[in-house]
Amino acid sequence: MPSRPPSRCTSCGTRRDPRGRCPACRPASTTKAAETKATWRWVYDDPRWAPLRDQVLSEEALCRTGCGHPPTVVDHIRPHRGDQLLAFDRANLQAMCKSCHDSKTSYETGFAGLGTKRLTQAVVTLVCGPPCSGKTTYVRDRAQGGDLVVDWDALAQALGSPHPWDHPAPLTPFIAEARDAVTARLARSHGVERAWIIATAPRDADRQRLAPAGAHVVVLATPEDECVRRARRDNRPAGTIDAIESWWRTHRADQH
């Protein structure tokens, strides 16, 4: 039975091979991709990388996604693309198992598996600001049914805190891990269209660590005196005013 003759490449007109590849154009695209990757790979040969990698793996005993597996890979929370400020910033690094890291990489590049199936990508918004700046109200007024909302105070109450704002100190590491696990889950395939993350995050480095790649960042820089007024009006816990002042000191210093 006669076989169908090979088709021609739409770019150069050369006949494709039986697998549909153009012998002229295919190597060129592969070479370009390899060259682009090589411009980033220097980071892992830099003498600063090995001790930093060992530090992260020694400080984090489990994969940051919350999957429960021991980490074997140090991940850049925000892809560095060769930028040394991002590449060697400890706040931009997290320990992950290889499976979760591969899923996150697929999400960041937009494809899963062999690059033929696009992962669901939610519109993620990080809303941050000092205590009493209106973060929860901002999200409540804009979130729609079915949106994912990651709220520190709501997580604290779900994990046993008896108060809406004043949470027992022993719960803090559990609240932080629950928040980070939910945020990291956004790096895998899901059906959520919109997600909101509520945090204080006074520094840009904090926001980069918490916000997934491509997230929108909203900073509610409500004036310090207004935040203090709201804290007193709402009878917020002792320490709230100190937390407001601390947020503003850190935020101002980070802007210079």
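Helices are DSSP runs (H or I) of at least four residues, numbered from the N terminus. One of them, helix H7, spans residues 172-185 and contains Thr183. The model described here is predicted. This briefing covers a parallel sheet, the surroundings of Thr183, the salt bridges and the cysteines.

**The sheet**

- Four strands make up an open sheet, and their pairing is parallel.
- The strand order is S6-S7-S5-S8.
- Strand S6 (148-151) and strand S8 (216-219) form the edges. Each of these two pairs on one side only.
- On average, neighbouring strands in this sheet are turned by 15° against each other, with direction ignored.
- S6 pairs with strand S7 (residues 194-199) through four bridges, in the parallel sense.
- Opposite Val150 stands Ile197, a residue of S7.

**Thr183 and its contacts**

- Is Thr183 buried or exposed? Thr183 is buried, because its relative accessible area is 14% and the cut-off for buried is under 20%.
- Which residues does Thr183 touch, leaving aside neighbours within four places in sequence? The contacts are Val150, Ile197, Leu210 and Pro212.
- Two of these names return from the sheet: Thr183 is in contact with Val150 and Ile197, and Val150 stands opposite Ile197.

**Salt bridges**

- How many salt bridges does the structure hold? The count is 15.
- Asp206 and Arg203 form one, with their closest N and O atoms 2.8 Å apart. Asp206 is buried at a relative accessible area of 12%. Arg203 is partly exposed at 36% relative accessibility.
- Arg252 and Glu224 form another, and here the closest N and O atoms are 3.2 Å apart. This pair links distant parts of the chain, 28 residues apart. Arg252 lies in helix H10 (residues 240-255), while Glu224 lies in helix H9 (residues 224-233).
- Both partners of that pair can be placed by accessibility. Arg252 counts as partly exposed at 42%. Glu224 is partly exposed too, with a relative accessible area of 22%.
- Arg233 and Asp234 meet through their side chains in a salt bridge of 2.9 Å, N to O. Arg233 is exposed, because its relative accessible area is 51% and the cut-off for exposed is over 50%. Asp234 counts as partly exposed at 28% relative accessibility.
- Some salt bridges join into a network. The residues linked there are Glu59, Glu60, Arg64, Arg90, Arg179 and Asp180.

**Cysteines**

- A disulfide is a covalent bond between the sulfur atoms of two cysteines.
- How many disulfides does the count give? The count comes to zero.
- Why does Cys132 form no such bond? The closest cysteine sulfur, in Cys227, is 6.4 Å from the sulfur of Cys132, which is too far for a bond. A disulfide requires two cysteine sulfur atoms within 2.5 Å.
- Cys132 counts as buried, at 8% relative accessibility.
- Cys128 is buried as well, with a relative accessible area of 0%.

Note on methods:
Residues are numbered from 1 along each chain as its sequence is written. This is a predicted model: local features need pLDDT of at least 70, side-chain atom pairs count only at pLDDT 80 or more; totals for chains, interfaces and linings use all residues. Side-chain values use heavy atoms; hydrogens and water are left out. Buried means under 20% relative accessible area, exposed over 50%, partly exposed in between (1.4 Å probe, protein chains only). Contact means heavy atoms within 4.5 Å. A salt bridge is a side-chain nitrogen of Lys or Arg within 4 Å of a carboxyl oxygen of Asp or Glu. Two strands pair if DSSP finds at least two bridges between them. Axes are lines fitted to C-alpha atoms, for helices over the stretch in contact, and angles run from 0 to 180 degrees between N-to-C directions.
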